[in-house]
Amino acid sequence: MMNLIIRKIPFIFGLMLVGLFIPMLSCAKETMSYKHYPWSFTGVFGTYDLSSVQRGYLVYRKACASCHSVQYMRYADLQQMGLTLDQIDKIAKEDQIVDGKDAQGKDFYRPATVVDYLPSPYPNTLIAKSVNEGKVPLDFSRYGMGMGQQADYIMAILMGYQNPPADFKPDQVGMVYNRYFPGHQIAMRSPLTQDSVKYTDGTAATIEQQAKDVTTFLSWTAHPHLIERHRIGIMMVIYMTFIAILILIVKRKVWSNVK
Ligand code: HEC
């Protein structure tokens, strides 16, 4: 019985390797329904272009943060996009956050510090709704989870503001035409304008570039550990292959005099 198990070890390892590869391959496969962009973070070897993530954060703060929160992210988490704590400290100090009530019972504002969570624009969904045509701007903490397909969708929405067709009739005042939003009308006006941010690395802030950067930032926000996970995954496959070969050699040696 034991012999049989030992003989089957290479086979078992082989199966385990195949088992590791199948989910990785299925991750790489994506269906396309919108214009497809070649995102660096999709596929088995996917990684984030951290300068794009940093530019995307700028766009988020400038053009999205007045409506969409990233409520589960602390300033300190921005280290993972390649910023030092000193740089983050400066960024945090530019934001005011509510820290309880003052003696008069009013919201007490103070500059944020690295340990704070990024501020949310509205105190609750009721207020969020009341100023956004009855729709709530969703929280971005996990919004970019869907990787490439989701990123293509976000791009489509951001680039999808076009002149409405002649027969376009919004259901209610404040809804605008968007070619890709389900139902073709959306309560969000086009949030991006040419050069609405100034990139310090010299990249031209066209609408498409800002859209790509903010989309990359949203994907990164949902998977801040992707680079690390992929590195470990690849090391694991190399390690397993090495062990499988080693076991095969040992098995051949042990059984070499058995005919
Ligand atoms: C003035 C407020 C406001 C700003 C600024 C804003 N949004 Fe929105 N956003 C909304 C609202 C409200 C909705 C919900 C729209 C609806 O359901 O009709 C929305 C919806 C969306 C959706 C569609 C979500 C879905 O349900 O599929 C995406 C994507 C999005 N926003 C991305 C962004 C990005 C990226 C930025 C910054 C570049 C941004 N938004 C800036 C208010 C805003």
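**View 1. Bridge partners in the strand pair E1 and E2.** In this predicted model, Lys 101 has Asp 107 of strand E2 as its bridge partner. Strand E1, residues 96-101, and strand E2, residues 107-111, run antiparallel to each other and are paired through four bridges. Further along the pair, Arg 110 in E2 is the residue that stands opposite Ile 97. The two strands, E1 and E2, make a hairpin in which five residues lie between them, and within the turn Gly 105 adopts a positive phi of about 80 degrees.

**View 2. The ligand and the residues around it.** The ligand sits in the largest pocket of the model, where 20 residues surround the ligand and those that come nearest are Cys 64, Cys 67, His 68, Tyr 153 and Met 188. By residue class, the shell around the ligand comprises 16 nonpolar residues, three polar ones and one charged one. Two helices, H2 (50-64) and H5 (147-159), each contribute at least two residues to this shell, while Cys 67 belongs to the loop that lies between H2 and helix H3 (85-93).

**View 3. Polar contacts with oxygen atoms of the ligand.** For Tyr 153, a polar side-chain atom is placed 2.6 Å from an oxygen atom of the ligand, and for Tyr 143 a polar side-chain atom is placed 3.4 Å from an oxygen atom of the ligand. Ala 187 takes part through its backbone, a polar atom of which is 2.8 Å from a ligand oxygen atom.

**View 4. Positions annotated as a binding site.** An unreviewed UniProt entry carries the annotation "binding site" for Cys 64, Cys 67, His 68 and Met 188. These positions span 125 residues in sequence, yet no two of their C-alpha atoms are more than 10.9 Å apart, and they therefore gather at one spot. Cys 64, Cys 67, His 68 and Met 188 are included in the lining of the largest pocket, which is the pocket where the ligand sits.

**View 5. The annotated domain and the annotated transmembrane region.** The unreviewed UniProt entry lists residues 51-222 under "domain: Cytochrome c"; in the model this span is 34% helix and 9% strand, and its end C-alpha atoms are separated by 17 Å. For residues 232-250, the unreviewed UniProt entry gives "transmembrane region", and here the model shows a span that is 100% helix and 0% strand, with end C-alpha atoms lying 27 Å apart.

Terms used: Residues numbered from 1 in each chain as written. Predicted model: local features only at pLDDT ≥ 70, side-chain atom pairs only at ≥ 80, totals over all residues. Heavy atoms only, no water. Near = heavy atom within 4 Å. Polar contact = N/O pair within 3.5 Å; in protein donor to acceptor, adjacent residues only side chain to side chain. 1 Å grid on protein atoms, 1.4 Å probe; cavity = no way out; pocket = protein on both sides within 12 Å on 5 of 7 lines; lining within 4 Å. Sits in = over half its atoms within 2 Å of the grid points. Nonpolar A, V, L, I, M, F, W, Y, C, P; charged D, E, K, R; others polar. Pairing = 2+ DSSP bridges. UniProt positions renumbered as here; feature names shortened; annotations may be inferred.
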